[in-house]
Amino acid sequence: MKQWATRLIQNEQAGLLLALVALCVILSLLSPVFFTAINIKNVLRDAALVAIAGIGMVMVILLGEIDLSVGSTQAVAGIIAVVVLNAYDSVMLALGAALVAGAFVGLINGLLITRAHINSLIATLGMMAILRGSAMVSTGAVSLQGTVDSFVDVGTGHWGPLPIPVVIAAVLLGLFLYVLHYTTFGRYIYAIGGNPQAARLSGLPVEGTRIAVFVLAGALAALSAFILASRLNSGQPNAGLGFELQVIAAVILGGISLTGGVGTLAGALIGILMLTVLSNGLVLLNVSSFYHDIARGFVIILAVYLDTRRKNSLVRRMVSGAR
Amino acid sequence: MTSPLIALRGVHKRFPGVHALRDVDFEIRSGEVHGLVGENGAGKSTLIKIIAGAYRLDEGSLQVAGQAVHFTHPRQAQDAGLVVVYQELELVSSLSVAENIFFGRLPNRNGHVQWQRLYAEAKSLLQQVGLDVDPRTKVGFLGVGAQQLVEIARALSQRAQLIVMDEPTSALSPQEIELLLGLVQGLRARGVAVLYVSHKLEEVLEISDRVTVLRDGVNVACEMASALDEKRLISLMVGRELGEGIAHVKRETGGWALEVDSLSTDAVREISFGVRSGEIVGFSGLMGAGRTELANALIGADRRLGGTVKIGGRLLPPDSPLAARRLGLGLVPEDRREQGIFPRRSVRDNASIAALDSLSRWGRVLLGREQVKVDELVGRLRVRTPNTQVPIAHLSGGNQQKVLLSRWLLVEQLQVLLVDEPTRGIDVGAKAEIYRVLGELAQSGLAIVVFSSEMEEVLGLSDRIYVLCAGRISAEYDRDTATPEALLTSALPG
């Protein structure tokens, strides 16, 4: 029992989970609206968008890389989805087009990083600007309205009691939990992120894995874009502005280490819920949305600080263990 | 009689698993050129670093001009006039010659650099070392030889009493070497002592007044250079007993498992050799001779510039460790922590990572089969670990090494295993076990190539031995003809 208790305290995920519960309790006390079915559904719907793109970001950061282009991908993929939707009257075709566009962006990112040897921070930063600019140019900076009624069902509809985006996110989370822990692909991701040099010398498919992860990250970002566009029934050139920071902050808060190879998808999910609840709470408490950015900035710095501290304590443990 | 410039008495220095210096007495007189020679790992670098204040001694004393000193920082040694010019030059290539000479000590008034004075003083120092360049030149534009002279000018600017030169001529052309040796003579004439550390025995004998030989951390000889010759030096440097616990058995060898034809990279040139299955081939050579570079060249981690590599008769495409693994060529690298282990992953994950192709179906890892295979090898290699789920970083170096061997042994198609420094940083007991395992693997038909700086390890393990010198194979020996003297003679640069 005692051992169980100390393990719980040492386990960062458990700590984060406790913090999440505490935050929920505080918000329920401060706002009568927080703990209502409608609000909880809203929180989950928001979290689902972050989670879907977040799965990709988790894999990217586990590799020791970063992807700053997910926010702009949201804009571009959303616009492409609505254009295709309006042209062919097909929701499925729109979804397919968005996914292909996202995967293509990821492929370019992956090739820039593995073949042109450009640092992922810079490659995806450039991609972020290019995509945002393209979104603005192609639409003349005005939003593009969807003309097919059934389109909005994806973002706003329900399967049983659950919003469709939440179901999609849950299915994908389950799928990728499996992928990361029980497939060769998942093992390679952790290995490459944990020690790229050892991975290369061991003959692991380093480049292929990197490219595949960026392609998946792009496609997942596009899927979240599709859901967002459906919810708004429009493709918006300024959709997903700052979304990349939201996603990165959430998964780092959830224990995905920027050094690569460390963290779990389950932990990242807690981080995502935590940040979404925080934003939701700020809205409920009538805090101006400008303060949300400030809060998020603080959370990013705090999350990285915690990550650095965890790493240092691990190094200490390893050094003292070796003596 | 005046006291010597430097005197070490009864000095011991230990590192985890290594007794680097044992009861060493050593002295350098003012204005003498003192040669220091010894094999890899004999303790030369440790001795230099103690004099330079980079290491503290565990036991014994260090005196400078008769005064006991306790350096805790290299700066203190420099202030006492002891300056080291390291093998890797420590100049800032984007700064001027003058700025480098007075790096961190620029002449200034209230923080404003006095450029005129800087250049004038640099000019006079450069004249003293015989280097005719403008002190405003960026160091990056100078050749290695000239940079070395800038380092020496810097040492002079610190009013050095002793200049330690670590392999000063390894990157120099013959003319530059002549210049440098002339400069050393000049320093001696001015009363500056020089500790000349080099593998080039001919040079050492030519330039030195006295020569000290280190072997296994022990000062085995300090004699007048005029009383020594190269042969005598070599026999002083080796003369070690063969490593314990290497029992060599005669093995059946099969066909060629590895065939290498004039392989070249940036670091190795025109390497040709072959290894039969069931054979252990050793590569010996001094620090920087290209052992690790050859291992990296073979698996395709370094860019191949020419030549071919065949595994079991099949051509290996260049620059792809992935292709090497698929054809059955594996490498256990030199630097376990940086290049071998995935520190946060479990023993199981570390062992199976290169063999997942055969331990999975449709990309899904067959956990049961994986566990059985890993358990089997962990048992066979006697890896000491509570279970296979603990992070590999928790294991000792020897057990980590066994896990890395397992990583390759799980690869079904493995034909050739390269092992770079198989026992670096491993304690004696675990060493013997690694040797036993390598012997058994060869027995079972694997072709093994061992790259090692420890001569007795190579001699004890190998059926055949190649010696590397400056990136080329300089000699080949059979087990019967190989002796420590012969290996060292072939390893020393001509």
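1. Chain B is built from 17 helices and 24 strands. The model is a predicted one, so what follows describes computed coordinates.

2. The overall dimensions of chain B come next. Its C-alpha trace spans about 75 × 50 × 45 Å along the principal axes. The radius of gyration of chain B is 25 Å, which agrees with the value near 23 Å for a compact globule of 494 residues. Of the 494 residues in chain B, 48% are buried. Among contacts in chain B with a separation of 6 or more, 67% join residues 24 or more positions apart.

3. One helix of chain B deserves a check on its geometry. Helix α14 of chain B, residues 397-409, has 13 residues, and at 1.5 Å a residue it should span 18 Å; the end C-alpha atoms are 18 Å apart, so the expected and modelled spans agree. The expected span counts one less than the number of residues.

4. The same helix is mostly covered, with 12 of the 13 residues of α14(B) buried. The buried residues of α14(B) include the polar or charged B:N399, B:Q400, B:K402 and B:R407, as well as B:V403, B:L404, B:L405, B:W408 and B:L409. B:G398, B:Q401 and B:S406 are buried too.

5. Chain A has 14 helices and 4 strands. The radius of gyration of chain A is 20 Å, close to the 20 Å that the globule rule gives for 323 residues, so chain A is as compact as a globular protein of that length. Its C-alpha atoms fill a box of roughly 70 × 55 × 35 Å along the principal axes. Buried residues account for 48% of the 323 in chain A. Of the contacts in chain A with a separation of 6 or more, 79% are between residues 24 or more positions apart.

6. On confidence, chain A averages a pLDDT of 90, and 92% of the residues score at least 70. Residues 319-323 of chain A are the stretch to treat separately: the pLDDT there is below 50, and beyond near neighbours in sequence the stretch has 1 contact in the model.

7. The contact between the chains involves 21 residues of chain A and 27 residues of chain B. On the chain A side, the elements that give two or more residues are α9 (184-194), α10 (196-201) and α14 (289-322). Of these, α9(A) gives the most, with 6 residues. The chain A side divides into 10 nonpolar, 9 polar and 2 charged residues.

8. Which residues have the most contacts inside the largest nonpolar core? They are A:A81, A:A98, B:I163 and B:I448, in a core of 247 residues. Helix α11 of chain A, residues 206-232, supplies the largest share of this core, 16 residues. In soluble globular proteins, nonpolar side chains tend to be buried together.

9. For B:I163, the contacts can be listed. Leaving aside neighbours within four places in sequence, B:I163 is in contact with B:V83, B:V85, B:I152, B:A155, B:L187, B:V192 and B:V194.

10. Is A:I130 buried or partly exposed? A:I130 lies in helix α6 of chain A, residues 120-139. It has 15 other C-beta atoms within 10 Å, and because a buried residue needs 20 or more and an exposed one has 12 or fewer, A:I130 is partly exposed. The C-alpha atoms of A:I130 and A:L245, which are 115 residues apart along the chain, are separated by 17 Å.

Methods:
Residues are numbered from 1 along each chain as its sequence is written. Chains are lettered from A and ligands numbered from 1 in the order in which they are written. This is a predicted model: local features need pLDDT of at least 70, side-chain atom pairs count only at pLDDT 80 or more; totals for chains, interfaces and linings use all residues. Two residues are in contact if their C-beta atoms, placed from the backbone, lie within 7 Å. A nonpolar core is a set of buried Ala, Val, Leu, Ile, Met, Phe, Trp, Tyr and Cys residues joined through C-beta atoms within 7 Å. The radius of gyration is taken over C-alpha atoms; the globule rule is 2.2 Å times the number of residues to the power 0.38. pLDDT is the predictor's confidence in each residue, from 0 to 100.
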